[in-house]
Amino acid sequence: SKSRRASTDPIRGRAPEPAVDLTAALSTPAQCVAGWAVACVALACAAWRAPWWWLRQPGSVHVLCGAVVILLGLWQLRAGIGGGPWLHLLGATALTLMFSWQFALLGCAVLVFGSAATGHGDFASAGLNFTLSGLLPVAFSYGFTRLIERVFAPHFFIYVFVTAFLG
């Protein structure tokens, strides 16, 4: 039918993947306030504990900002890997492994607010979106990395094959 064709992706022949962004219409005001509270506490902790000296090294600011801009573009495209994990979660993990959890959280905040500013989501639920697509993946990736560092000897191949692929 005509309505069926309009709601499917012409390339894949199936309905498009749902967006990760939650809107204020999909959540209660209490959930939005709780998301903002958790986001503010997490961002304050990240800003307080961030290794700001790292940004003084030549090129480090460019790498961090470049990674955030590339991920913002991918988030705007709603890119995913074949019905599997969204690049929101993989991007947050990549930021964690590349820049530490503090800069990963700050970068995810820029991504969420940048998405809301460009019309993908709204500011009322931005705290909840940050908590679900930024804070949780970063916390999981950082915890998994710390666990692997305690269990295995520090070795490059352990980092690449265990931490990066499984984390």
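Accessible areas here come from the Shrake-Rupley method with a 1.4 Å probe, and for residues only the protein chains shown count as cover. The model is predicted: local features need pLDDT of at least 70, side-chain atom pairs count only at pLDDT 80 or more, and totals for chains, interfaces and linings use all residues. Residues are numbered from 1 along each chain as its sequence is written, and side-chain values use heavy atoms, with hydrogens and water left out.

**Exercise 1. Describe the overall fold and surface.**

Step 1. Assign secondary structure from DSSP runs, numbered from the N terminus (helices: H or I, at least four residues; strands: E, at least two). The protein has seven helices and zero strands, in the order α-α-α-α-α-α-α.

Step 2. Take the surface. About 10000 Å² is exposed, and carbon and sulfur atoms supply 72% of it.

Step 3. Classify residues by relative accessible area: buried is under 20%, exposed is over 50%, and partly exposed lies in between (1.4 Å probe, protein chains only). Of the 167 residues, 34% are buried.

Step 4. Count contacts, meaning heavy atoms within 4.5 Å. Among contacts with a separation of 6 or more, 71% join residues 24 or more positions apart.

**Exercise 2. Identify the largest nonpolar core and the helices that build it.**

Step 1. Apply the criterion: buried Ala, Val, Leu, Ile, Met, Phe, Trp, Tyr and Cys residues joined through side-chain atoms within 4.5 Å. The largest such core has 25 residues, and those with the most contacts inside it include Leu95, Phe99, Leu105 and Leu111.

Step 2. Map the core onto the helices. Two or more residues each come from H2 (29–49), H3 (60–77), H4 (87–99), H5 (101–117) and H6 (126–151). H5 gives the most, with eight residues.

Step 3. Examine one member. Beyond its neighbours within four places in sequence, leucine 111 contacts Val68, Leu71, Leu72, Trp75 and Leu95.

**Exercise 3. Compare two aromatic pairs.**

Step 1. Set the criterion: rings of Phe, Tyr and Trp (its six-membered ring) pair if their centres lie within 6.5 Å; planes under 30 degrees apart are stacked, over 60 edge-to-face, and the rest tilted. The whole structure contains eight aromatic pairs.

Step 2. Tryptophan 54 and phenylalanine 99 are edge-to-face, at 5.7 Å centre to centre with 65° between the planes. Tryptophan 54 is in the loop between H2 and H3 and phenylalanine 99 in helix H4, 45 residues apart, so the pair links distant parts of the chain. Phenylalanine 99 is buried, at 6% relative accessibility.

Step 3. Phenylalanine 140 and phenylalanine 144 are stacked, at 6.1 Å centre to centre with 15° between the planes. Both lie in helix H6, four residues apart, about one turn of the helix. Phenylalanine 144 is buried, at 17% relative accessibility.

Step 4. Group linked rings: Trp52, Trp54, Phe99 and Phe103 form one aromatic cluster.

**Exercise 4. Locate the salt bridge and state how exposed its residues are.**

Step 1. Search for a side-chain nitrogen of Lys or Arg within 4 Å of a carboxyl oxygen of Asp or Glu. The structure holds one salt bridge, between the side chains of arginine 146 and glutamate 149 (3.8 Å, N to O).

Step 2. Place the residues. They are three residues apart in helix H6 and therefore separated by about one helical turn.

Step 3. Read the accessibility. Arginine 146 is partly exposed, at 36%, and glutamate 149 is partly exposed, at 49%.
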